[in-house]
Amino acid sequence: MVFKSLLSVVEVNQSSHDLKMAIDMCSEINAQLCVTVFGVASLPPIGDYALGTAELWLKERQQTLAAIDKRIEEVETLVSHADISASVIDEYPELAKLGHIIGRHARYTDATIIGPDLLANEELRSRVIEGALFESGKPIFLVPHGTKPTLRPKQVLLAWDSGLECTRAAREALDIMACAEEVHVTMIDPDSSTVASGPEPGADIAAYLAHHGVKITVDRIPSANYAVANVIKQHAIDIAADLIVMGGYGHTRLRERIFGGVTRSMIDDPGLPILMAH
């Protein structure tokens, strides 16, 4: 997948850090930047006390819409100074509809960038990520604080378990991996049964990627009773990875919310930039 258009999601009150990072990522590969500036609309008052609170609700709505207009002007000014093609739109949905709105916009870009400021907002983060990941058919980039994202990484870790989700992630990241100096196909406690990874875990995906010019090393690592997410992140540090490529939500979202899982752990604490696909 060649990335020619990236979506940046900006909450009306957040700083410009995520946006500036998205501009840098687009500048690196000469991609178009699509920016969605959003505010979250409060539900209108209903019931016995609606008359007493309607005026406050209307005032809050007017203030937020004015803030969105101001933010749009700031964003347009910022992107106009960058040497990239860009478009800016605004949205003001209720919280329950936010994921669907983001997913709809994400369908018409190649990937959605979730920057550190948005990642720090747990409620908005979950809505935006689920919308972009499940309602667009496109991957997302998670970029935590203290990291420098690049779409031309030298070292890549591909988290591999032979599942559909990581297969999709590998396909989406194919061009990125083909340009990297080395890609580590990393398997944690690989299952060598015929129905899973086969007698030589990692060999099939290594051969596929090699056909596309990717320089591959297969790493089979025991978890040694550590959480899989922690093993992946530590191995990424050990190999000096610039990017982790992985599938998201191999289990249901409900199960991951209740019991936890690799995807949730990686979203809660990415450690490094991640390209994730479902």
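**A guided tour from the sheet to the cores**

Begin by selecting Val156, which stands opposite Val183 in strand E7. The model on display is a predicted one.

Now show the two strands in full. Strand E6 covers residues 155–159, and strand E7 covers residues 182–188. E6 and E7 run parallel and are joined by five bridges. Of the seven residues of E7, six are buried, so this strand is largely enclosed by the rest of the structure.

Move next to E8, residues 216–221. E7 pairs with E8 in the parallel sense, over six bridges. Two positions are worth labelling here: His184, whose bridge partner in E8 is Thr217, and Ile188, which stands opposite Ile221 in E8.

Widen the selection to the whole sheet. It is an open sheet of 10 strands with mixed pairing, in the order E3-E2-E1-E4-E5-E10-E9-E6-E7-E8. Strand E3 (86–91) and strand E8 (216–221) stand at the edges; each has a single partner strand, so one side of each is left without a neighbour in the sheet. From one strand to the next, the twist averages 25°.

Select helix H6, residues 164–172, and colour Glu165, Cys166, Ala169, Ala170 and Glu172, which are buried. These residues cover an arc of only 165° around the axis, which puts them on the same side of H6. An α-helix has 3.6 residues a turn, so residues three or four places apart point the same way. To see what covers the buried residues of H6, add strand E6, helix H7 (174–178), strand E9 (243–247) and strand E10 (274–277), which are included in that cover.

Helix H5, residues 122–134, is the next stop. Its 13 residues should span 18 Å at 1.5 Å a residue, and its end C-alpha atoms are 18 Å apart, which agrees. The buried residues in H5 include Leu124, Val128, Ile129 and Leu133, together with Arg125 and Glu130.

Finish with the nonpolar cores. The largest has 50 residues, of which Leu6, Leu33, Val35, Phe141, Leu158 and Met177 touch the most other members. Helix H1 (residues 17–29) gives the most to this core, with seven residues. Another core, of 36 residues, lies apart from it; among its members are Phe38, Val128, Ile244 and Met276.

Which residues does Val35 touch, not counting residues up to four places away in sequence? Centre the view on Val35 and display Ser8, Val10, Leu19, Val75, Val79, Ser87, Val88 and Ile89, which are its contacts on that basis.

Key:
Residues are numbered from 1 along each chain as its sequence is written. This is a predicted model: local features need pLDDT of at least 70, side-chain atom pairs count only at pLDDT 80 or more; totals for chains, interfaces and linings use all residues. Side-chain values use heavy atoms; hydrogens and water are left out. Buried means under 20% relative accessible area, exposed over 50%, partly exposed in between (1.4 Å probe, protein chains only). Helices (H or I, at least four residues) and strands (E, at least two) are DSSP runs, numbered from the N terminus. The arc is that of the directions from the helix axis to the C-beta atoms. Contact means heavy atoms within 4.5 Å. Two strands pair if DSSP finds at least two bridges between them. Axes are lines fitted to C-alpha atoms, for helices over the stretch in contact, and angles run from 0 to 180 degrees between N-to-C directions. A nonpolar core is a set of buried Ala, Val, Leu, Ile, Met, Phe, Trp, Tyr and Cys residues joined through side-chain atoms within 4.5 Å. The expected span of a helix is 1.5 Å times one less than its number of residues.
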